[in-house]
There are 2 protein chains.
Amino acid sequence: MHTFTEENYLKTIYYLSGRQEGEVSTNSLAEMTATRAASVSDMLKRLSEKQLIHYKKYQGVRLTEEGERLALKVIRRHRLWEVFLVEKLGFGWDEVHVIAEELEHVRSDELVERLDAYLEYPQFDPHGDPIPTPAGQMPTTAYRKLSEVAVDERVRIMGVLEHSPEFLQHLDRTGLTLGSEVCLQEISHFDKSVQVQINQEKSLFISHEVARNLLVSR
Amino acid sequence: MHTFTEENYLKTIYYLSGRQEGEVSTNSLAEMTATRAASVSDMLKRLSEKQLIHYKKYQGVRLTEEGERLALKVIRRHRLWEVFLVEKLGFGWDEVHVIAEELEHVRSDELVERLDAYLEYPQFDPHGDPIPTPAGQMPTTAYRKLSEVAVDERVRIMGVLEHSPEFLQHLDRTGLTLGSEVCLQEISHFDKSVQVQINQEKSLFISHEVARNLLVSR
DNA sequence: ATAAAAATTTAGACTGGTCTAAATTTTTTT
DNA sequence: AAAAAAATTTAGACCAGTCTAAATTTTTAT
């Protein structure tokens, strides 16, 4: 059986692999897990012995098939619990990450499958991230960033790239919720901020920083 | 903050304290936690330094107020999750203990209180054990064992003393569910088994072993 | 192409939690 | 009240996971 900590490393390696080409570096893992590079090195050796990662010294790291399977299992649990916390317990989408970080390590397959059924097989978590299948497949999503949309295009907000409570609360305050329809009206050549119309109603200015963290439908 | 393991020791000390007079012994803790007495001794020293238990070498152990507060918090979480697993996810009462052992260590007060509300403030877990209050009080229950009921008395099954899946499944198979009304018809002088009538319907023989593990209303 | 900088790994130490074996204390038996 | 038995604690070791400091390797800059 795998430890809490091992699961966290696998999950983190998976996330980082998706954000860059090629192998994941020791330093980036240290930063993500809030530990020191030396500790990461030790752990990589262990994970490598357990055949959960491909690891050549100084050359970065990549999940094995088994490692990816496990990582996706953890991510599936995390995202299902997030749905539960928001849909059933009424938490805000900015509050659930920390709690789900704990719940994701409860290791009962039966529990996860029953939870999935109870939630009526959700496809996405409250941040619009796809929920891996029980078989360990990550559904693909083809979203663009709002910052890449052209003037006059009409798109729907489907997810966020940034997950910090601060960002999510900012979206709440400005009324940018998942599912909103957005029509892009203007792009500033000065600061790349965009003007959009939300749900055929109010018009809004969105900074480039915000726009490039909003995922929208094709 | 307290570790997983510390929480388990506190919980176990609480349980054992309720089952005997006086202090809890090192050996009984070792048996309950499936560790060795030496390991328990080490841990008791640590818990004592943290002021969570009263501990004098060779003299057994007792929770401090703070220790009891923490133990009850863990038990509250455990029992609320058991209600969730049975009521919402449809698990059997014989299946939930192991999963709740993990869920009980998720340390968010907000989560527990929201879960409590979501479950509509249950008073008892699926085995009839009372759920400690948010303030850290264990509700008192005044139950007898079915083995102590006299002939012709009419009582209601309120809980179980034994929690093993085997025992609970036995009750399921024989139709002895919590809430059933039981009328005691006869007590065998030979083996102390009892004959009862369930819900004014069928009559049933119950062994002494089973009867002394069934809790009934006064 | 070499020196400097950055990234990574190794060495050695610490903590929490466990173990076995040996020592000590308490309880029970005679 | 002593001897034997049982319970408990101590000593010393180990593992997982972390750290700092030092050594090594790779990358970048000159």
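Trainee: Which residues come nearest to DNA strand D?

Mentor: Bearing in mind that this is a predicted model, the ones that come nearest are A:Thr3, A:Ala38, B:Ser25, B:Asn27 and B:Ala38, out of 22 residues around DNA strand D.

Trainee: And which helices supply that surface near strand D?

Mentor: In chain A, helix H1 (4-19) and H3 each supply at least two residues of the surface near DNA strand D, and in chain B helix H2 (26-33) and H3 each do so as well.

Trainee: What kinds of residues are they, by class?

Mentor: The surface near DNA strand D has nine polar, seven nonpolar and six charged residues.

Trainee: OK, on to strand C, which residues come nearest there?

Mentor: Around DNA strand C there are 22 residues, of which A:Ser25, A:Asn27, A:Ala38, B:Thr3 and B:Ala38 come nearest. Here helix H2 (26-33) and helix H3 (37-49) of chain A, along with helix H1 (4-19) and helix H3 (37-49) of chain B, each supply at least two residues of the surface. By class, the surface near DNA strand C has six charged, seven nonpolar and nine polar residues.

Trainee: Switching topic, how many residues of chain B are in contact with chain A?

Mentor: In chain B, 13 residues are in contact with 13 residues of chain A. Helix H5 (96-103) and helix H6 (109-118) of chain B each supply at least two residues of the side that touches chain A.

Trainee: Which helix gives the most to that side of chain B?

Mentor: H6(B) gives the most, with four residues, and by class the side of chain B that touches chain A has seven nonpolar, four charged and two polar residues.

How values were computed: Residues are numbered from 1 along each chain as its sequence is written. Chains are lettered from A and ligands numbered from 1 in the order in which they are written. This is a predicted model: local features need pLDDT of at least 70, side-chain atom pairs count only at pLDDT 80 or more; totals for chains, interfaces and linings use all residues. Two residues are in contact if their C-beta atoms, placed from the backbone, lie within 7 Å. Ala, Val, Leu, Ile, Met, Phe, Trp, Tyr, Cys and Pro count as nonpolar, Asp, Glu, Lys and Arg as charged, and the others, Gly among them, as polar. A residue is near a molecule or strand if its C-beta atom, placed from the backbone, lies within 6 Å of it.
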